[in-house]
Amino acid sequence: MHKEEHEVSVLGAPHSTILPRSTMINIQSETSVPDHIVWSLFNTIFLNWCCLGFIAFAYSVKSRDRKMVGDVTGAQAYASTAKCLNISALIVGILMTIGFILLLVYGSVAIYHVMSQIVQEKQRY
């Protein structure tokens, strides 16, 4: 072995006094949090039985506010509550509307029968 080769093998690789630097890049993913504000507005205007549509609208606005601030977790929590309230408002609204229509039809038929009996009794006299 040559003298130079021996020194390299004993000493190993040259040591650097400069520490390796690393670069960290934070990439924020665009997490889409639906705030259901249009659905809430629809339920507020058309199917607002028991004020569930209005409460859902309030939670949707809170969800949008949280999303604008950057609080994705809070926005998701408010959006989830708004979604549940919207589903409840929609179901209750549809059932109440169907019930109101059935009551209206049944009441109309009952009034028609009562009026026809009154007319028949008056014709007998």
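These questions and answers cover the fold, contacts and surface of a predicted model.

Me: Which order do the elements of the protein chain run in from the N terminus on?
Reply: The chain has four helices and zero strands. With zero strands, every symbol in the order stands for a helix. From the N terminus on, the order is α-α-α-α.

Me: What share of the 125 residues in the protein chain is buried?
Reply: Buried here means under 20% relative accessible area. D35 is one such residue, at 8%. Across the 125 residues of the chain, the buried share is 17%.

Me: What share of the contacts with a separation of 6 or more comes from residues 24 or more positions apart?
Reply: A contact needs heavy atoms within 4.5 Å. The count takes contacts in the protein chain with a separation of 6 or more. Of these, residues 24 or more positions apart account for 66%.

Me: How many residues apart in sequence are the parts that D35 and R64 tie together?
Reply: A search of the whole structure finds two salt bridges. One of them joins the side chains of D35 and R64, at 2.7 Å from N to O. D35 lies in the loop between α1 (3–11) and α2 (37–45), and R64 lies in helix α3 (residues 52–69), so the pair ties together parts separated in sequence by 29 residues.

Me: Is D35 buried or exposed?
Reply: The salt-bridge partner of D35 is R64. R64 is partly exposed, at 36% relative accessibility. D35 has 8% relative accessibility, and the cut-off for burial is under 20%, so D35 counts as buried.

Me: What is the N to O distance in the salt bridge of R66 and D71?
Reply: R66 is partly exposed, with a relative accessible area of 29%. D71 is also partly exposed, at 28%. A salt bridge requires N and O within 4 Å. The side chains of R66 and D71 meet at 3.5 Å.

Me: Why does F46 count as exposed?
Reply: The structure holds two aromatic pairs. In one, F42 and F46 are tilted, with 5.0 Å between centres and 45° between planes. F42 counts as partly exposed, at 39% relative accessibility. Exposed means over 50%, and F46 qualifies because its relative accessibility is 57%.

Me: Which helices hold Y59 and Y78?
Reply: Y59 and Y78 form a tilted aromatic pair, 5.8 Å centre to centre with 45° between the planes. The pair links distant parts of the chain, 19 residues apart. Y59 is in helix α3 and Y78 is in helix α4.

Me: Which residue lies over the face of Y59?
Reply: Y59 is partly exposed, at 26% relative accessibility. A charge over a ring must be within 6 Å of the ring centre. At 5.3 Å from the centre of the Y59 ring, the residue over its face is K62.

Me: What is the area of the nonpolar surface patch that includes I101?
Reply: I101 is in helix α4 (residues 72–124). Patch residues need over 30% relative accessible area, and I101 has 47%, so I101 passes that cut-off. I101 makes the patch with F100, L104, V105 and V109. The patch area is about 470 Å².

Me: What share of the accessible surface belongs to carbon and sulfur atoms?
Reply: The accessible surface of the protein chain comes to about 10600 Å². Carbon and sulfur atoms hold a share of 66%.

Note on methods
Residues numbered from 1 in each chain as written. Predicted model: local features only at pLDDT ≥ 70, side-chain atom pairs only at ≥ 80, totals over all residues. Heavy atoms only, no water. Patch = residues over 30% accessible without salt bridge, like charges linked within 9 Å, V, L, I, M, F, W, Y side chains within 5 Å. Areas by Shrake-Rupley, 256 points an atom, 1.4 Å probe, with all protein chains shown as cover. Helix = DSSP H or I, 4+ residues; strand = E, 2+ residues; numbered from the N terminus. Buried < 20%, exposed > 50% of the residue type's maximum accessible area, 1.4 Å probe, protein only. Phe/Tyr/Trp six-rings, centres within 6.5 Å; stacked < 30°, edge-to-face > 60°. Lys NZ or Arg CZ within 6 Å of the ring centre and 35° of its normal.
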